[in-house]
Number of protein chains: 2
Amino acid sequence: MSELTVGIDIGGTNTKLGIVDRGGKVVHQENIPTTDYEEFPHYFEAMAMALRNRQSSLPQGAKIIGIGVGAANGNYYTGNIEHATNLKWKGILPLAKMFEKEFNIPCILTNDANAAAVGEMIYGHARGMKDFIVITLGTGLGSGFVCGGILLNGHHGIAGELGHTSVNPTGRFCNCGKRGCLETYVSATGIKRTVYKLLADHLESSELRGISFDNLNTKMITEAAQRGDIVALACFEYTGRILGMKLAETVVHTDPEAIFLFGGLSLAGDLIFKPTIKHMEANLMPAFRGKVKILPSGLQNQIAPILGASSLVWDYFDKKETAR
Amino acid sequence: MSELTVGIDIGGTNTKLGIVDRGGKVVHQENIPTTDYEEFPHYFEAMAMALRNRQSSLPQGAKIIGIGVGAANGNYYTGNIEHATNLKWKGILPLAKMFEKEFNIPCILTNDANAAAVGEMIYGHARGMKDFIVITLGTGLGSGFVCGGILLNGHHGIAGELGHTSVNPTGRFCNCGKRGCLETYVSATGIKRTVYKLLADHLESSELRGISFDNLNTKMITEAAQRGDIVALACFEYTGRILGMKLAETVVHTDPEAIFLFGGLSLAGDLIFKPTIKHMEANLMPAFRGKVKILPSGLQNQIAPILGASSLVWDYFDKKETAR
């Protein structure tokens, strides 16, 4: 019998739902607009209906064994989405329990960066690694830690919030309420803020002077840098320097084999990797120098969030098997 | 039959060796001066002889089941002391293998702060906790992380070097070769440096102006602060502020239930705990506020290093039992 898992990635705008086999092949995929539903139960029902429809048309002998969900503010221990800032439904949303009741199979929920880390371990470049970190560079900066082959959840289920370590206590305002958090510098939004800071501070001409803040995106900054735009190049150096300095701090905490960069900003290649590696090495405690790899994620595509979420189920059953 | 373990704490000056029962009672203890031996094999033979003598006079039915060793630069994976800066024997010292060959029982070696963390879990205030951190405040600042009930060793066996996170990249010179490392501010040596900095910067009279750097110690600074000395009080505020700020960074990495402070500086009680807690909370990402306890170690006495080292053996056998 062929076993399948469901991977659901809940984003503020869109929800991606996929059915995935053990090899990481997405055999079915659909999108559900997250913002279309005023009430959470209606949103849940839309996901459940999509799954029921699919379940009834699976090939002979195929079976869905579990549901994995990645969501901002997802808590692994409770299976709840807790006080999400990117969703319109407030408070505690007991999503894992609702899926388990509806389908009578395990549902594993965690935050999206943790899902990305498990995805990297099951399908990506971290296969065979036991100690690594995944940094997701999107609107914000998320992180997932795997230590000794196990996803680090922490006591309250909220480990791995590197985006809210401090770069400058009197620096840029952050959504979390603090100032100078790492994600205000290193993320799609962070590098935009850096473009505007550099345009404000300096006199150099730049093609980025013609683009409004609202219209600017990482791809434009990357392409400008590739064309030699001096401000865009300086932005990547600035961003990589801060990321490298902070990763040097993180390395001495958990001593990973590798750190994977995932998401839009990481697609800029050498533009972001070179300064990050250089400044991490320069700031590392000597005992760690030359030992920790900074690598691109092995899941750099549209289906990565689905794979990450679905991998939670495989990981759950693998661990259960080992414990036997 | 009563089972016993050996705990050995290797310090730069003194080596403490003890035989410990499961309840944490030290049934025998002796000291071996680390500096008395020019050659490492002679030092090893002195420890082995002490153990053999003791082994032959154990009560009927008692048996030593393993040896735990805590040492700076001890690597859990290799069982070696690697390039220790506080010992006269250079290079790689394969201590665990030597003990195992000599006594035919398991020898578990790790760095002294990791041993303290396992000791806290087996005998101290972390009993029953699965996610916590121990910070050892001695000549330097060491740290041991327990995540999900397991000591975090990392990929290269050197996880938990919080003493070498950065407070100020252009700050105080550190033994590791960098500048501004946390342990240059927060440790017995760090607070002495702070006394001298504040005496240099300010005009206030202080009883500490009469003491040379070489003669000054944490106890004197603590007692001066307890008598209301304005400079000594400012030193604790300064030290606690830096420790609290940095612990706020550490918390968002591994999300612990508690952080234990161990060693001389932690004996100053409220003088160090109050500013540390205040500044940790002020710098924490809001989702973590009010959730993480800062507590004194439950092993605040002379035999703590022996207990910490011996606990490695109990932990080793406990984990083996669970895996069965």
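Start your tour by selecting H3(B) in this predicted model. Colour Asp112(B), Ala113(B), Asn114(B), Ala115(B), Ala116(B), Ala117(B), Val118(B), Gly119(B), Glu120(B), Met121(B) and Ile122(B): these residues of H3(B) are buried. Here a residue is called buried if 20 or more other C-beta atoms lie within 10 Å of its own. Helix H3 of chain B spans residues 112-122, and 11 of its 11 residues are buried, so the helix is largely enclosed by the rest of the structure.

Next, show both chains together. Where they meet, chain A contributes 31 residues to the contact and chain B contributes 31 residues. Now select residues 230-254 of chain A: this is helix H6, which supplies 5 residues, the largest share of the side of chain A that touches chain B. Colour that side by class and you will find 12 nonpolar, 12 polar and 7 charged residues.

Stay with the pair and try superposing the chains. A turn of 180° with a shift of 0.0 Å along the axis lays chain A on chain B with an RMSD of 0.0 Å. That is how a two-fold axis relates its copies. The same surface is used by both copies, as 100% of the contact residues of chain A recur in chain B.

Finally, hide chain B and look at chain A alone. Give one colour to domain 1 (2-119 + 302-323) and another to domain 2 (129-296). Their C-alpha centres are 28 Å apart in chain A. Between these domains of chain A, 12 residues of domain 1 are in contact with 14 residues of domain 2. On the domain 1 side, that contact has 6 nonpolar, 5 polar and 1 charged residues.

Methods
Residues numbered from 1 in each chain as written. Chains lettered and ligands numbered in written order. Predicted model: local features only at pLDDT ≥ 70, side-chain atom pairs only at ≥ 80, totals over all residues. Contact = placed C-beta atoms within 7 Å. Helix = DSSP H or I, 4+ residues; strand = E, 2+ residues; numbered from the N terminus. Nonpolar A, V, L, I, M, F, W, Y, C, P; charged D, E, K, R; others polar. Least-squares fit on C-alpha atoms with pLDDT ≥ 70 in both. Buried ≥ 20, exposed ≤ 12 C-beta atoms within 10 Å, placed from the backbone. Domains from an automatic or database assignment.
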